[in-house]
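Morning, everyone. Please look at the model on the screen while I talk. I will go through charge pairs, two chosen residues, and then the cysteines.

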Amino acid sequence: MDWITGIQRAVDYIEAHITGDVDLEAAAKQACSSPFHFQRVFSILCGFTPGDYIRMRRLSLAADDLLHSDEKVIDIALKYGYETPESFTRAFSRFHGVTPTEARNGGTVKSFSRLSVKLILTGGNTMEYRIEKPGALKLICKRQRVRKPETGAGTPDITGFWEQCGRDGTLQKIIGRLPQDPTPGGLLGICFSLETDGATFPYGIGAAYDGGPVPEGLEVVELPAFTYAVFPFKGKMPDVFIETYRKIVSEFFPASDRYGYAGGVEFEVYPSDKTDDPNYAGEIWIAVTEKP
């Protein structure tokens with residue numbers, strides 16, 4: 001199934017359940033994707049998370065009900081998943097700028113339309129990548145659960161984790177354990193995407209491991225053999241990272257007849273900590289599968 005069809009099927013599922021429980025794992029299955037990857041790709045392509053889409057659609061439909069029906073406010077609130085009139089009023093007011101009562105009495109409200117995924121002419125761009133098959137990998141790292149990225153970039157959790165590891169000496173411990181010729185080379189930011197609980201996932205900061213003592217606070221993680229598509233980036237951080245990731249999900253995978261997203265793991269490779277360099281160079285490694 002192509003990505004256009006998959007995302008549209010996921011949107012159709014969400015819309016069919018908009019007044020009930022929307023299971024994002026079930027929506028991801030409609031797109032033949034893991035929940036982690038579906039939510040990340042959806043956010044990058046659409047500019048908002050699936051959760052934000054559901055919230056804005058419900059509040060838009062609630063306004064329509066207020067204007068064109070005699071339903072009580074409490075009944076409309078319950079219909080769209082709000083347990084009390086107070087919580088509904090707060091959410092409604094933040095989105096529309098008026099209260100439900102003011103909307104019913106002629107106040108101006110906002111309309112947030114249903115997504116319709118259409119094929120448009122894109123691409124025509126050159127994108128560098130290579131395929132790596134390093135076999136099973138051993139990484140030494142420190143892990144922490146973080147909230148999911150919404151734009152392909154980091155989250156405050158991830159940024160804070162890097163800062164914490166810099167302050168407490170963890171980065172120095174990892175750098176001290178770097179092999180002479182590591183694969184992948186440099187410091188790694190590792191997304192263990194299969195271990196998501198729906199809202200968070202384990203994120204690791206680490207490096208390749210070739211044996212020896214494991215410093216306190218670190219662990220050795222073994223990854224099975226994957227094929228990786230590797231995308232280099234160079235420029236001002238984090239802008240170049242965000243743009244590269246956007247192209248990966250909006251151009252490379254949709255256009256590739258050979259490779260699909262495997263899930264399981266992906267990581268960023270940072271050759272140095274000089275991320276303020278306007279020509280900073282790094283890589284994004286994403287586990288892929290070959291299409292039949």
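**Charge pairs and cysteines**

Start with D12 and R114: their side chains meet in a salt bridge, 2.8 Å from N to O. A salt bridge here is a side-chain nitrogen of Lys or Arg within 4 Å of a carboxyl oxygen of Asp or Glu. Why does this pair tie together parts that are 102 residues apart in sequence? D12 lies in helix α1, residues 3–16, and R114 lies in the loop between α7 (100–104) and β1 (130–147), so the pair links these parts. Helices (H or I, at least four residues) and strands (E, at least two) are DSSP runs, numbered from the N terminus.

A word on the source. This is a predicted model: local features need pLDDT of at least 70, side-chain atom pairs count only at pLDDT 80 or more, and totals for chains, interfaces and linings use all residues. Residues are numbered from 1 along each chain as its sequence is written, and side-chain values use heavy atoms, with hydrogens and water left out.

Back to the pair. Are they buried or exposed? D12 is partly exposed, at 31% relative accessible area. R114 is partly exposed too, at 41%. The cut-offs: buried means under 20% relative accessible area, exposed means over 50%, and partly exposed is in between, with a 1.4 Å probe and protein chains only.

How many salt bridges does a search of the whole structure find? The count is 13. As background, side chains of opposite charge can pair when their charged atoms come close.

Next, R143 and E219. Their closest N and O atoms are 2.9 Å apart, in a salt bridge. R143 sits in strand β1 and E219 in strand β4 (residues 219–235), so this pair ties together parts that are 76 residues apart in sequence. R143 is partly exposed, at 30%. E219 is partly exposed, also at 30%.

Now R55 and D52. Their side chains form a salt bridge of 3.7 Å, N to O. These two are three residues apart in helix α4 (residues 50–68), about one helical turn. R55 has a relative accessible area of 34%, partly exposed. D52 is partly exposed at 25%.

Helix α4 also holds D65. Which residues share a salt-bridge network with D65? They are E71 and K79. D65 is buried, at 12%. Its side chain also makes a polar contact with the side chain of Y80, at 2.8 Å. A polar contact is a pair of N or O atoms within 3.5 Å; within protein, one must be able to donate a hydrogen and the other to accept it, and residues adjacent in sequence count only if both atoms are side-chain atoms.

On to G235, in strand β4. G235 is buried, at 10%. Its C-alpha atom is 4.2 Å from that of N279, though the two are 44 residues apart along the chain. Setting aside neighbours within four places in sequence, G235 is in contact (heavy atoms within 4.5 Å) with V240, D277, P278, N279 and Y280.

Last, the cysteines. How many disulfides does the search of the whole structure find? Zero. A disulfide needs a pair of cysteine sulfur atoms within 2.5 Å. For C141, the closest cysteine sulfur is in C165, 10.0 Å away, too far for a bond. For C191, the closest is in C141, at 12 Å, again too far. C141 is buried at 1%, and C191 is buried at 1%.
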